[in-house]
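Dear colleague,

Please find below the structure I promised to pass on to you. My account of what was found in it follows directly after.

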Amino acid sequence: MLITSLTARELEYCYDLASRRQTENLAMGRRDAYGFSGGNGLALHQHGVMCEFSASKALRIPFRETRLGEPDLDPDIQVRGRTRHHYDLIVHHPKEDDPNQRFVLVTHDARHPNFCLRGWLYGRECQYRRFWLDPTGTRPAFFVPQWRLRPIETLEAIPVIETG
């Protein structure tokens, strides 16, 4: 497990980016993803951006602002943030989550300043029927227990090849 925290300046940047993402979603008429009906899309974006940024920092992968549908970190990493340190990694159906991408679980509890990178798996390793659950009745997905994840220290950086 890797543990990191964000500086005040980094948090400010994350809040700003989350606000821009939420503003863009509202302007485009997009709804909150995967059946979320909590009504606070901005808070979801804030948590997501903070988890993405902390993963970038801990893994020493340059952070960049991504668009919907792009990997969170280059070249093929999706960051999945959860709000409790004991929660599972969530991966969606192969039509929505690329089985060939790598999925990293980052947990952060608002009561504590640290972000914990718990581990990772390829999407295809998560997308088995035994992990398919719908605990809230509104958000079916693959919920992979943390003990099934590879250690985060085994996640190797894959160089990005520039084309053109």
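To begin with a single residue, D74 has a relative accessibility of 24% and therefore counts as partly exposed. Its side chain meets that of R64 in a salt bridge, with 2.9 Å from N to O. Both D74 and R64 lie in the loop between α2 and β2, so the pair ties together parts of the chain that are ten residues apart in sequence. R64 is likewise partly exposed, at 29% relative accessibility. Please bear in mind throughout that this is a predicted model.

Overall architecture

The protein chain has three helices and seven strands. Read from the N terminus, the order of its elements is β-α-α-β-β-β-β-α-β-β. The chain comprises 164 residues, of which 39% count as buried. It exposes about 9800 Å², and carbon and sulfur atoms supply 52% of that area. Among contacts between residues at least 6 apart in sequence, 63% join residues at least 24 apart.

Salt bridges

In total, the structure holds ten salt bridges. Side chains of opposite charge can pair when their charged atoms come close. Besides the pair described above, two further examples deserve attention.

The first is between E10 and K57, whose closest N and O atoms are 2.9 Å apart. This pair links distant parts of the chain, since E10 belongs to helix α1 (residues 8-27) and K57 to helix α2 (residues 41-59), 47 residues apart. The two partners differ in their surroundings: E10 counts as buried because its relative accessibility is 17%, under the 20% limit, whereas K57 is partly exposed at 33%.

The second joins R20 to E65, again with 2.9 Å between the closest N and O atoms. Here too distant parts of the chain are linked, with R20 in helix α1 and E65 in the loop between α2 and β2 (77-82), 45 residues apart. R20 counts as partly exposed at 36% relative accessibility, and E65 counts as partly exposed at 37%. Salt bridges that share partners join D16, R20 and E65 into one network.

The four-stranded sheet

Four strands form an open sheet of mixed pairing, in the order β1-β5-β4-β2. Its edge strands are β1 (2-4) and β2, each of which pairs on one side only. On average, neighbouring strands of this sheet are turned by 30° against each other, direction ignored. Within the sheet, β2 and β4 pair in the parallel sense over six bridges, and R82 stands opposite T107 in β4. Helix α2 packs on the sheet, where it touches β1, β2, β4 and β5; the direction of α2 makes about 80° with that of β5.

The three-stranded sheet

A further open sheet is formed by three strands in the order β3-β7-β6, with antiparallel pairing. The edge strands in this case are β3 (89-91) and β6 (132-133), each pairing on one side only. Strand β3 is joined to β7 (residues 141-144) by three bridges, and these two strands run antiparallel. V91 stands opposite F142 in β7.

Nonpolar cores

In soluble globular proteins, nonpolar side chains tend to be buried together. Which residues have the most contacts inside the largest nonpolar core? They are L73, V104 and V106, in a core of 22 residues. The elements that give two or more residues to this core are α1, α2, β2, β4 (102-107) and β5 (115-122). Of these, α2 gives the most, with six residues. Helix α2 is also the helix described above as packing on the four-stranded sheet.

V104 merits a closer look. Leaving aside neighbours within four places in sequence, V104 is in contact with I77, Q78, V79, R80, L89, L117, G119, W120, I152 and L155. A second, separate core of ten residues includes L89, C126, F142 and V144. L89 thus appears both among the contacts of V104 and in this second core. F142, another member of the second core, is the residue opposite V91 in the three-stranded sheet.

I should be glad to have your comments once you have looked through the model.

With kind regards

How values were computed: Residues are numbered from 1 along each chain as its sequence is written. This is a predicted model: local features need pLDDT of at least 70, side-chain atom pairs count only at pLDDT 80 or more; totals for chains, interfaces and linings use all residues. Side-chain values use heavy atoms; hydrogens and water are left out. Buried means under 20% relative accessible area, exposed over 50%, partly exposed in between (1.4 Å probe, protein chains only). Contact means heavy atoms within 4.5 Å. Accessible areas come from the Shrake-Rupley method with a 1.4 Å probe; for residues, only the protein chains shown count as cover. A salt bridge is a side-chain nitrogen of Lys or Arg within 4 Å of a carboxyl oxygen of Asp or Glu. A nonpolar core is a set of buried Ala, Val, Leu, Ile, Met, Phe, Trp, Tyr and Cys residues joined through side-chain atoms within 4.5 Å. Two strands pair if DSSP finds at least two bridges between them. Axes are lines fitted to C-alpha atoms, for helices over the stretch in contact, and angles run from 0 to 180 degrees between N-to-C directions.
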